[in-house]
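User: I would like to know what the terms used for this structure rest on. Please set each value against its definition.

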Amino acid sequence: MTGVLPPDTATAPPTTRPARRRHTARWVAVTVLVVAAGLIAVLATRQPAAVSEVQSPLVGTQAPPVRGLTVDGRAFALARPPGTFVVLNFFAPWCEPCQAEGPELVHFAFEHQQAGDAKMVSVVFDDSASDARSYQATLGATWPTLADPQGTIALSYGVRAPPSTFLIAPDGRVVAYIVAPVTAADLDGLIARARATGA
Amino acid sequence: MRSRRFPLWTLLAVVLVAALLVGSGAFSSTPPTSAQRAASIESVIRCPSCEDLSVADSSAPTAVTVRSTVRQLVDHGLTDSQIEDYLVARYGSAIVLDPPTSGWSSLVWVLPIAGGVIAVAVLAAVLARRRRRSGPSLDDDVLVPAADPVAVEERRRFLTQSLADADAEYLAGDLTDADYLSLRQRDLARLVALGPAPAAPATPTDWATPTAWADPEPVSGGPGREGSAGSAGSAASAASATVTAERSGTPLEPDRSDRVDRSVPRRRGRNKWFLVGAIGCFVVALVVAVPLFASHRLPGQTATGSVALSPSQQVARTLDQAATVENQGQLGLAAQLYQQVLTAHPDNEVALAQLGWLEYKIGQQGSDATLLADARTKLTQAVAMTPGDYAAHLYLGTLLLQLDGNASAAVSQFDQFLADSPPSTVVGQAATVLRQAYTSAGMAVPAEVAA
Amino acid sequence: MNGTLGHTGVLLGFAAALVGIVVLLVGLVRRRPGGLRAGRFYAPLILLGGIVAVVAMQRALITHDFSLTYVADNNSRSTPLLYSITGMWSALAGSILLWGLILGIYATGMVWRFRHRADDQLVAWATLVMYVVCAFFFGLMLGPADPFTHVSSVPLDGLGPNVLLQDNPLVLFHPPMLYLGLVGFTVPFAFAVASLVTGRVDEDWQGETRRWTLFAWTFLTIGIVLGAWWSYQVLGWGGFWAWDPVENASLMPWLVGTAYLHSVMVQQRRGLLRVWNLSLVIATFSLTILGTFLTRSGVIQSVHAFSTSSIGPLLLGFFGLVLAVGVGLIAWRGDRLRSPGGIDSPMSREGAFLANNLLFVLFAFIVLLGTVFPLLYEAVNSGAQVAVGAPYFNRLIIPIGLGLLFLMAVAPALPWRKSTAEIMRGRLAVPAAIGVLVVVGCVIGGITGIEPLLAFGLGAFAAASAGRALVLSVRGAWRSARGAGASPARATLAGWRGFVGRANGGMVVHIGVVLIAVGLAAATAFGQRGTVVLAPGESGTFAGHTVEFVGTRVVRTPSHLSQQALLRVDGGAVFTPAISQFGTGTQAVGTPAIDSSVTSDVYLTINSIPAKGGPWTFGVVVQPLVMWLWVGGVLIVVGSILSAVPGRRRRPTDPVSTPVGAAAPPVAPDLDPEPEPGARTDREPVGAGEAT
């Protein structure tokens with residue numbers, strides 16, 4: 001290669017420059033590491049999705065109307081304002097966590113039936129009225145259970161999956177939303193907290 | 001360079017643009033029908049009870065409800081954003097599959113677009129910079145410290161390869177004359193600027209081609225021959241491999257590899273290492289395995305893991321299984337299991353009581369009088385067999401209350417039930433029935449029930 | 001027995017990996033080639049451990065040994081044999097077992113392939129990295145993901161597999177193919193790390209491991225396409241890609257891997273982009289680990305996700321480690337190891353591959369951002385939530401897809417180094433004309449919508465360009481056969497050579513991708529969904545197809561009970577969508593029935609069965625060109641196989657086009673270069689392919 005070149009260029013000294021090295025790779029790599037560290041930090045502190053809280057935009061607002069036919073065919077409409085605490089429970093007979101929470105609801109309902117300060121209302125989610133009726137009968141539930149065949153009540157409350165429970169204050173505001181099976185103790189606690197904060 | 005060129009590309013461009021304009025509906029713009037509006041809204045609303053699907057895709061009942069609501073709202077004349085707000089007010093902001101373009105969530109739109117723009121800009125800048133400085137200076141592409149012989153050698157190899165490359169491509173007709181000459185000139189100048197090649201090379205490797213380039217004319221050399229490190233004269237360049245696939249990667253090149261200690265005789269060393277290691281593996285595996293699973297044995301499980309139970313263990317296990325199955329709701333299967341135990345051990349009171357209770361439940365469901373009668377017999381037997389068993393009393397009392405309506409007989413059973421110190425959970429579960437019995441019999445409900 | 005055997009196998013694999021690491025480290029640090037050579041024997045031991053564990057698990061599943069928790073949870077007495085076997089990878093712990101087995105296979109393969117170079121430091125480092133990954137996954141099986149734990153009391157019958165996983169035999173293929181792909185990227189990663197550690201990036205290690213990468217990429221492609229097909233056949237919503245986080249987790253490595261397969265050609269040809277290629281390989285492997293984490297940690301809700309366990313933090317930690325090591329190595333040595341030259345002109349094949357990389361990396365970034373964004377958003381605004389779904393992805397990805405189609409059309413005709421508009425116009429005139437004709441034809445045929453039209457036009461352009469490249473290569477093969485003296489008939493037969501080799505296989509892959517793109521565009525833009533309510537005996541129409549409700553049927557087998565509806569579509573064949581209940585569970589699962597044809601698919605599902613006699617509600621989805629997706633997938637696989645077949649022993653450094661007549665040199669028209677004197681013929685370059 002060198003032999004074929006014109007002689008003058010062959011003897012010219014090579015141009016020298018001070019050694020300057022670009023550090024692009026290093027800077028890019030450091031940036032990537034920093035961003036990745038941030039991502040890992042976020043991922044490490046996440047709760048499992050099944051456990052994480054879901055907020056309802058209804059909390060703090062007036063509860064949407066609850067009216068329709070019950071599974072026994074009677075008409076029912078929740079008074080607005082209801083005047084007492086109302087536990088509005090969306091359930092389905094095919095839903096296993098609902099089956100687990102059923103006896104707790106019965107217990108709660110019986111307790112407060114005597115005191116008269118809280119009522120239970122159930123709404124069937126995505127199942128037939130007849131299935132729900134026999135389910136409630138087996139459970140021993142005596143409170144109103146609405147059929148909601150078109151799912152409109154579920155939509156107005158933004159219910160995605162059963163069991164979903166709303167606690168409505170006597171003045172009609174929604175004060176709590178639980179998207180997991182509840183216990184009677186949970187409900188009592190929520191009522192106490194609502195009272196304390198001036199429901 | 002033809003005198004009359006058929007303007008094919010212009011024609012293609014015009015036709016394409018025209019077709020796209022027509023096809024995109026720019027000329028036939030009818031306002032979307034309400035069905036189309038509803039469909040487009042439905043495609044961005046998430047199905048409430050599904051994971052990733054939109055309500056347009058899903059056939060779940062919640063999706064059906066949302067779809068009909070959307071259609072109603074569209075017919076009522078609400079705008080798209082009003083309908084979305086309506087649903088967000090009920091389900092929360094995560095019901096919309098399109099993240100909002102305001103606030104923090106706008107980042108999800110901004111970042112990709114910004115990333116793309118930045119990348120294109122960087123690319124363009126880098127390429128433009130290279131083109132602008134296409135002189136023979138050293139810091140053209142990559143800055144090479146003059147004092148680093150390895151890097152200089154690498155660069156020399158690269159440039160030699162590039163020159164050979166350009167020749168081949170020109171021959172193949174991929175490069176125009178002008179491009180070929182400019183590339184060749186530039187790379188030659190850069191090669192010269194690197195300085196003279198080092199004198200004696202390392203061992204010429206196998207693929208060094210002996211044929212030198214005879215002349216600098218463009219049309220020279222054979223095709224493909226220069227595909228390897230064919231540089232004229234300088235065997236040093238030929239010695240070090242270029243980045244062709246022919247590099248075999250064998251014997252570590254003396255000028256850049258670490259020193260390899262070849263003093264250890266090969267075969268013995270290999271056997272010793274491997275044997276030690278392999279034995280170590282197995283020992284570790286065994287030593288850890290044996291105590292590990294020795295602690296995890298089920299009752300009756302032998303060392304190899306097969307399970308052999310004594311008769312009483314078998315009975316216990318079957319009862320266990322029956323209880324589990326019963327809790328899962330498979331009453332028929334549970335009854336079978338209890339019957340199994342009873343046939344083998346007719347004096348097993350637990351099986352008797354549980355089977356009686358099961359028959360009662362099944363008989364109740366199917367209104368089967370024979371079953372109910374049999375249930376009654378079994379429970380009475382069970383109560384007689386073991387007066388201290390609270391469960392039998394509870395079952396019998398419930399049967400008496402619900403079948404016969406005999407509250408007082410039920411109450412006497414329940415009294416015995418409570419006297420047998422049942423666990424409070426059981427009392428709690430039975431509370432309703434107990435209260436019913438006592439109140440029907442006109443007696444006071446005992447304290448532990450009312451608790 | 002099964003538990004013990006399984007534990008022993010896992011322990012053996014873990015111990016072998018650990019001891020292998022120690023031996024190799026000693027050999028590397030103390031420079032003992034004996035140690036390096038001995039280190040490779042531990043890979044077969046790892047594989048043996050994996051095989052023993054898998055055999056134990058399969059034996060437990062097939063014999064319904066419910067003393068193991070895993071079997072009790074994922075198997076039942078009524079489960080058919082096929083789904084007992086596939087039960088091994090139906091849940092988390094078993095899937096790690098499958099991962100470990102495949103790791104063992106790849107480690108053994110790698111060690112065997114490079115056995116003659118076992119005392120090479122680079123090979124030793126790569127083996128070391130493989131062992132570390134094996135140790136991690138086998139270690140997972142000893143701790144949180146233990147598949148061989150025992151129950152406290154043996155149940156009478158197990159719970160059976162997830163109902164969706166015993167609906168279709170595809171479950172036998174999809175996860176193993178996917179894992180063969182995902183795990184396969186460990187080998188190039190190991191070599192990338194080894195290159196960086198030893199500083200030997202200018203040798204062609206990336207080229208040597210190209211076949212491994214291609215192998216892994218092919219299986220990942222098969223896995224993804226099978227997953228989409230399965231989703232279509234089983235899930236009942238009529239779609240095949242939901243941008244589900246788990247689907248995205250397998251797509252991201254595929255995208256970056258595809259970018260790598262292209263840019264490594266630039267490295268082989270011109271020696272450029274070395275550090276960039278190393279980064280791509282490291283990114284691909286990191287994304288597979290991230291994907292594994294997302295799938296198994298439960299932080300993202302998904303239909304495919306495995307149940308949660310404490311495996312999440314460990315996988316996240318491993319992801320961090322991989323990233324720290326890989327990116328850290330690049331930060332440390334990357335700048336010193338850069339290629340000595342640069343790209344000459346943007347209008348060249350190098351430039352096109354760079355643009356291709358840019359688009360693919362941007363694509364992967366969008367998928368990653370969309371998948372993790374809900375988590376990030378929630379972390380910043382505690383409590384508030386946002387969903388990122390199909391509309392987001394589609395909107396951002398359609399322009400990228402169109403850009404990629406355009407590049408696919410232009411790049412095969414682009415030469416290396418530098419090109420001019422003149423050359424390109426000449427070469428691409430016919431393909432461009434075909435593309436425009438297709439657009440015009442579609443517009444005349446009544447198709448509207450700018451995105452589908454662009455997709456069809458660019459797709460035709462790309463397919464025609466790929467076809468042109470194939471035609472040229474076949475003709476070149478024919479010519480050289482003639483030049484070597486074959487008769488015209490035999491020379492025609494010899495034209496098959498024009499289809500094999502890296503570039504030609506790549507053209508077939510491109511045609512497959514075009515088919516998929518066109519099918520996607522058609523199905524999503526022109527799909528129609530609706531419901532038809534029919535009483536038995538009635539007929540209805542939807543979207544131009546008639547559906548006649550012929551009758552019903554109840555099918556009862558030991559494993560499931562299903563109610564089927566018999567529907568005759570367009571007066572032709574009868575299809576049976578069904579609703580089934582499996583085993584002991586009461587959950588009902590819908591099974592769709594699909595009338596596929598080349599032009600459109602009619603997808604039938606039962607939406608609701610009335611309790612008493614009455615009309616049934618059926619869901620109907622009509623989507624055009626869905627079959628093109630599956631055919632395109634097959635073509636991609638065929639193309640990959642073709643590309644792995646060695647071509648005519650050309651070097652990747654040969655020019656793009658066959659010599660044009662005018663400048664033909666005065667040598668024989670045989671285009672094969674003569675072997676260099678003394679060339680080692682037993683070491684054919686691995687990456688050599690048809691460089692047409």
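The questions and answers below go through the model term by term.

User: What kind of model is this, and how are residues and chains labelled?

Analyst: This is a predicted model, in which local features need pLDDT of at least 70 and side-chain atom pairs count only at pLDDT 80 or more, while totals for chains, interfaces and linings use all residues. Residues are numbered from 1 along each chain as its sequence is written, and chains are lettered from A and ligands numbered from 1 in the order in which they are written.

User: What makes the radius of gyration of chain C agree with a compact globule?

Analyst: The radius is taken over C-alpha atoms, and the globule rule is 2.2 Å times the number of residues to the power 0.38. For 692 residues the rule gives a value near 26 Å, and chain C has 27 Å, so the two agree. The C-alpha trace of chain C spans about 85 × 70 × 60 Å along its principal axes.

User: Why is C:Leu273 called buried, and what is C:His64 called?

Analyst: A residue is buried if 20 or more other C-beta atoms lie within 10 Å of its own, exposed if 12 or fewer, and partly exposed in between, with C-beta atoms placed from the backbone. C:Leu273 has 24 C-beta neighbours inside 10 Å and therefore counts as buried. C:His64 has 16 other C-beta atoms within 10 Å, so C:His64 is partly exposed. Of the 692 residues of chain C, 63% count as buried.

User: Where do C:His64 and C:Leu273 lie, and what is the sign of phi in each?

Analyst: C:His64 is in the loop between helix 3 (42–62) and helix 4 (69–74) of chain C, and its phi is positive, about 55°, although it is not a glycine. C:Leu273 is in the loop between helix 12 (245–270) and helix 13 (274–297) of chain C; phi of C:Leu273 is near 60°, a positive value in a residue other than glycine. Helices (H or I, at least four residues) and strands (E, at least two) are DSSP runs, numbered from the N terminus. Chain C has 21 helices and 10 strands.

User: How do you know which domains of chain C there are, and what joins domain 3 to domain 4?

Analyst: The bounds come from an automatic or database domain assignment. For chain C the assignment gives domain 1 (1–161), domain 2 (177–341 + 349–388), domain 3 (401–525 + 630–644) and domain 4 (527–627). The centres of domain 3 and domain 4 of chain C, taken over C-alpha atoms, are 39 Å apart. Two residues are in contact if their C-beta atoms, placed from the backbone, lie within 7 Å. By that rule 7 residues of domain 3 of chain C are in contact with 6 residues of domain 4 of chain C. On the domain 3 side, helix 20 (502–526) and helix 21 (626–644) of chain C each supply at least two residues, and helix 20 of chain C gives the largest share, 5 residues.

User: How many residues of chain A touch chain C, and what makes them nonpolar, polar or charged?

Analyst: 22 residues of chain A are in contact with 21 residues of chain C. Ala, Val, Leu, Ile, Met, Phe, Trp, Tyr, Cys and Pro count as nonpolar, Asp, Glu, Lys and Arg as charged, and the others, Gly among them, as polar. The chain A side divides into 14 nonpolar, 4 polar and 4 charged.

User: What makes strand 6 and strand 7 of chain A a pair, and why is strand 7 of chain A called an edge strand?

Analyst: Two strands pair if DSSP finds at least two bridges between them. Strand 6 (residues 164–168) and strand 7 of chain A have 4 bridges, in the antiparallel sense. Both belong to an open sheet of 5 strands in chain A, with the order 5-4-3-6-7 and mixed pairing. Strand 5 (145–146) and strand 7 of chain A stand at the edges, each with a single partner strand, so one side of each is left without a neighbour in the sheet. Strand 7 (residues 174–178) of chain A is nonetheless mostly covered, with 5 of its 5 residues buried.

User: Which peptide bond before A:Pro81 is found, cis or trans?

Analyst: The bond from A:Arg80 to A:Pro81 is cis, with omega near 0°.
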